[in-house]
Amino acid sequence: MALIAMCMPILPGKKQMWLDMMSQINEEPMKSMFYQSRRDAGVHERSFLQETPAGDFVILTFEGDDPAKGFGEIMANMDPSFAAFAKEVHGLDPEAPPPAMPTLILDTQG
């Protein structure tokens, strides 16, 4: 199983909005829909909050047979309300070309 990890900023003043959305995603009915969207894309997603002096970030991991393809499918099929949230909180425009995938630099298993 392959893995990718990426980091996205939480724009200044948007951390509480992000936390509120994460609470909603962890409750029904949104939980079932969100989790199903990841299964449909063939990935297992994990999200981490990283608080730093330079600002807050979300670290996302996607595991699956082809996590980069799965991330592309998630972006292409994003619910319009979640797309608006991603743009407001992260500056991520789902209608723009997807961001560059991360480059693996070190793997101590390999």
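## The E45 and R38 pair

The side chain of E45 reaches the side chain of R38 in a polar contact at 2.6 Å (a donor-acceptor pair of N or O atoms within 3.5 Å, with sequence-adjacent residues counting only if both atoms are side-chain atoms). A second polar contact, at 3.1 Å, links the side chain of E45 to the side chain of S47. Keep in mind that this is a predicted model, where local features need pLDDT of at least 70 and side-chain atom pairs need 80 or more, while totals for chains, interfaces and linings use all residues. Numbering starts from 1 along each chain as its sequence is written, and side-chain values use heavy atoms, with hydrogens and water left out.

E45 sits in strand β2, residues 43-52, and R38 belongs to helix α2, residues 30-40 (DSSP runs numbered from the N terminus: H or I of at least four residues for helices, E of at least two for strands). Buried or exposed, where does E45 fall? E45 is buried, at 18% relative accessible area, and R38 is buried as well, at 12% (buried is under 20%, exposed over 50%, partly exposed in between; 1.4 Å probe, protein chains only). So this polar contact joins two buried side chains.

Setting aside neighbours within four places in sequence, E45 is in contact with F34, R38, L60, T61 and F62 (heavy atoms within 4.5 Å). With residues up to four places away left out, R38 touches V43, E45 and I74.

## α1 against α4

Helix α1 covers residues 15-25 and helix α4 residues 80-90; their axes come within 10 Å and cross at roughly 150° (axes are lines fitted to C-alpha atoms over the stretch in contact, and angles run from 0 to 180 degrees between N-to-C directions). That makes α1 and α4 roughly antiparallel to each other (over 145 degrees; under 35 is roughly parallel, 65 to 115 roughly perpendicular, the rest oblique). On the α1 side the contact uses M17, W18, M21 and I25, and α4 brings F82, F85, E88, V89 and H90. By class, the residues of this contact are seven nonpolar, one polar and one charged (Ala, Val, Leu, Ile, Met, Phe, Trp, Tyr, Cys and Pro are nonpolar, Asp, Glu, Lys and Arg charged, the others, Gly among them, polar).

K14 is worth a look here too. K14 lies in the loop between β1 (2-10) and α1, and its side chain makes a polar contact with the side chain of E88 at 2.7 Å. Beyond residues up to four places away in sequence, K14 touches E88 and V89, and both E88 and V89 are on the α4 side of the contact with α1. At 22% relative accessibility, K14 counts as partly exposed. For a long-range reference, the C-alpha atoms of K14 and T103 are 89 residues apart along the chain and separated by 27 Å.

## α1 against α2

How do α1 and α2 cross? Their axes come within 7 Å and meet at roughly 90°, so α1 and α2 are roughly perpendicular to each other. M21, Q24 and I25 of α1 pack against M30, K31, F34 and Y35 of α2. The class split for this contact is five nonpolar, one polar and one charged.

Some residues turn up again from the earlier sections. M21 and I25 take part in the contact with α4 as well as the one with α2. F34 of α2 belongs to the contact with α1 and is also on the contact list of E45.

The loop between α1 and α2 holds P29. The peptide bond from E28 to P29 is cis, with omega near 10°. For context, most peptide bonds are trans.

## D65 and E73

D65 is placed in the loop between β3 (55-64) and α3 (67-76) and counts as exposed at 75% relative accessibility. What does D65 touch, not counting residues up to four places away in sequence? The partners are A2 and G42. D65 and A2 are 63 residues apart along the chain, yet their C-alpha atoms are separated by 5.7 Å.

E73 is in helix α3 and is partly exposed, with a relative accessible area of 27%. Leaving out residues up to four places away, E73 touches D40 and A41. Between E73 and A41 there are 5.9 Å in space, C-alpha to C-alpha, against a sequence separation of 32 residues.
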